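Please open the structure in your viewer and keep the sequence panel beside it. The stops below give a selection to make and what to look for there.

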Amino acid sequence: MSRRHHRSLQLAAATALMVTAATACNAAAKSDASDSASGGSGKTFTLVTPDAVGQNEFLKLAVTGVKDAAKQHDGSQKVYESTDTASQQQNVQAAVDAKPDVVVLVGFEFADLVAQQAQKNPKQQFLIIDACTAKTFKNVSCAVFREHEGVYLAGAEAGLLTESGKVGAVDVLDTPQFRRYSDPFAAGAKKVAAKTETSTRFVGGQSPFDDSARAKEQANTLLSKGYDQIMAAAAAGNYGVFEAAKAKGAYAYGVDVNQCVSAPGTVVDNVIKRTDVAVEKGIESVLAGKTGTVSYGLKEGGISLTGLEDGVDSSKCVIADHKDVLAKVEELRDQIVSGELKVDDPAAG
């Protein structure tokens with residue numbers, strides 16, 4: 001699988017990103033050169049992003065991760081922000097030409113580019129976050145996420161908070177990879193409230209990742225049937241789901257970053273991908289000579305909920321007002337971390 005499209009769901013956090021990308025200079029690679037200072041005796045790391053960082057929390061966390069790694073190794077780091085396909089290619093080439101200890105890249109957009117570069121530059125170490133190359137290379141490491149574990153916890157919140165007993169999801173596509181964002185939501189709800197009714201609607205269509213109108217339409221179908229808690233896994237279409245839920249006085253759940261700020265009072269919680277954790281731990285593994293694919297879930301701190309992180313009280317998430325629910329969710333998280341509770345992965349096998 002050269003393009004592990006689950007990262008596409010980070011586009012769900014894309015309001016700020018789209019604004020930033022629209023105003024960003026399209027001409028060339030943007031390098032955050034000011035960050036590259038620091039002693040020359042340590043390790044060097046280069047991060048390449050698929051889009052301008054701006055206010056995109058998903059990418060900001062990755063930047064934090066590479067900065068922390070540089071500090072730990074008394075080294076230096078550089079960030080190349082891409083704005084389009086051409087600058088992605090330019091940035092990857094520039095990163096390889098600089099010959100840092102590790103080139104870190106975020107997103108499925110880089111899978112094919114890294115495969116090409118890994119063959120040409122066998123001594124250069126690469127770390128891809130939230131994606132992997134189709135073929136295995138000795139100099140390519142991958143950090144992927146067990147999103148389904150966090151989605152399960154969000155589903156438990158929905159099961160505990162629903163008044164209608166109906167919990168649904170709006171998902172991008174009906175594929176095993178994307179069902180990681182809907183099937184576990186239903187399972188989590190049924191774990192805490194066995195009689196919960198569940199249903200999933202899929203966006204589909206010509207542009208499933210950025211079709212707010214279709215996402216809103218699917219959400220309204222669920223809402224019209226009495227569903228009052230909806231997992232929004234519609235990529236950039238999430239905002240359509242939030243609009244629909246808000247209009248009906250229902251609740252929704254976001255992905256990848258804190259989306260509560262975009263619809264306060266409507267978004268209950270978010271399944272968070274801690275790209276900073278994956279970058280920092282991934283770099284450590286590469287430097288230790290351990291390459292390959294590493295999966296990050298609740299146990300590793302790579303997946304979480306906004307409600308389980310510091311700062312939940314100022315997050316604008318509805319869950320902040322339900323400490324009793326969070327206490328039960330923490331218990332479930334601990335059971336998953338200990339291995340006592342296993343969450344089925346729709347994409348496994």
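Is C132 buried or exposed? The model is predicted, and in it C132 has a relative accessibility of 13%, so C132 counts as buried. The cut-off behind that label is a relative accessible area under 20%.

**Stop 1: C132 and C142**

Select C132 together with C142 and show the side chains as sticks. These two cysteines form a disulfide, with 2.1 Å between their sulfur atoms. C132 sits in the loop between β5 (125-129) and β6 (140-145), while C142 is in strand β6 itself; the two are 10 residues apart, and the pair links distant parts of the chain. Next, check the torsion about the S-S bond: the value is about 70°, so this disulfide is right-handed. Colour by accessibility if your viewer allows. C142 has a relative accessible area of 3%, which means that C142 is buried.

**Stop 2: C260 and C317**

Now move the selection to C260 and C317. The sulfur atoms of C260 and C317 are 2.0 Å apart, and the two residues form a disulfide. Distant parts of the chain are linked by this pair as well: C260 lies in the loop between β10 (251-256) and β11 (267-273), and C317 lies in the loop between β13 (303-305) and α10 (323-338), 57 residues apart. Measuring the torsion about the S-S bond should return 95°, and the link of C260 and C317 is right-handed. What is the relative accessible area of C260? The value is 0%, so C260 is buried. For C317 the relative accessible area is 5%, and C317 is therefore buried.

**Stop 3: the pairing**

Keep both cysteine pairs on display. The count comes to two disulfides. With the bonded cysteines of the protein chain numbered in sequence order, the pairing reads 1-2, 3-4.

**Stop 4: A156**

Clear the cysteines and select A156, which is found in helix α5 (residues 147-161). The relative accessibility of A156 is 0%, so A156 counts as buried. Which residues does A156 touch, not counting residues up to four places away in sequence? Add G188, A189, V192 and L332 to the selection, since these are the contacts of A156 under that exclusion. To finish, draw a distance between the C-alpha atoms of A156 and L332: the separation is 8.6 Å, although the two residues are 176 residues apart along the chain.

Technical notes
Residues numbered from 1 in each chain as written. Predicted model: local features only at pLDDT ≥ 70, side-chain atom pairs only at ≥ 80, totals over all residues. Heavy atoms only, no water. Disulfide = S-S within 2.5 Å. Helix = DSSP H or I, 4+ residues; strand = E, 2+ residues; numbered from the N terminus. Buried < 20%, exposed > 50% of the residue type's maximum accessible area, 1.4 Å probe, protein only. Contact = heavy atoms within 4.5 Å.
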